[in-house]
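Reader: Hello! I am new to reading structures and would love a close look at one part of this one.

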Amino acid sequence: MKIHGLWKISLVRNVLVRTTAGSFNEAGTQACFAETQQKAPVDKPWAGLTNAANWEMSNAAALQSFPKMREWAFQNNCVCLAVVVPSQIRQLIHQRQTGHMPENLVRYFSNMEEACDWLTERGFPFTIADYPHEDFVLSTRQVHNTGKH
């Protein structure tokens, strides 16, 4: 099956930063998860930050695989996950399809500043200046806006 979806994953201190763009199918979601497993610092407490500002949704099968991915993360020293989804409707769909998690573990935000503040409050200092994927966000926004892939 062909992979649909674009992502970038980086480790900044003890925060695993994932940025997603485009529309994901199950193969894309699984490939992104495999890279997450490779890069996560499972030998110490860590936090996850996902910027889904340019995410264009996923099919139901892809979204329904999230609970298993989150279970893996929390079993491997993840303390909390911050998810940035600016669109309220996409945020609601993502939450409903991926399963309810307590807000102290998985929290959704409309912007990166709020997510950074929450991570910092949780003991994982992170600022906008630390965010490593700005070029990726800009390039995927341009791809989406021009309709070119």
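Could you start with His-94: does it count as buried or exposed, and at what relative accessibility?

Author: Happy to help! This is a predicted model, in which local features need pLDDT of at least 70 and side-chain atom pairs count only at pLDDT 80 or more, while totals for chains, interfaces and linings use all residues. Residues are numbered from 1 along each chain as its sequence is written, and side-chain values use heavy atoms, leaving out hydrogens and water.

His-94 counts as buried, at 5% relative accessibility (buried means under 20% relative accessible area, exposed over 50%, partly exposed in between, with a 1.4 Å probe and protein chains only). You will find His-94 in helix 4, residues 88-98 (helices are DSSP runs of H or I with at least four residues, strands are runs of E with at least two, numbered from the N terminus). Setting aside neighbours within four places in sequence, His-94 is in contact with Trp-55, Leu-63, Phe-66, Arg-70 and Tyr-108 (contact means heavy atoms within 4.5 Å).

Two of those names lead us onward. Trp-55 and Tyr-108 are also among the contacts of Val-85, again leaving aside neighbours within four places in sequence. Phe-66 belongs to helix 3 and, with Met-69 and Trp-72, makes that helix's side of a contact with Thr-29, Phe-33 and Gln-37 of helix 1. The residues of this contact divide into 4 nonpolar, 2 polar and no charged (Ala, Val, Leu, Ile, Met, Phe, Trp, Tyr, Cys and Pro count as nonpolar, Asp, Glu, Lys and Arg as charged, and the others, Gly among them, as polar).
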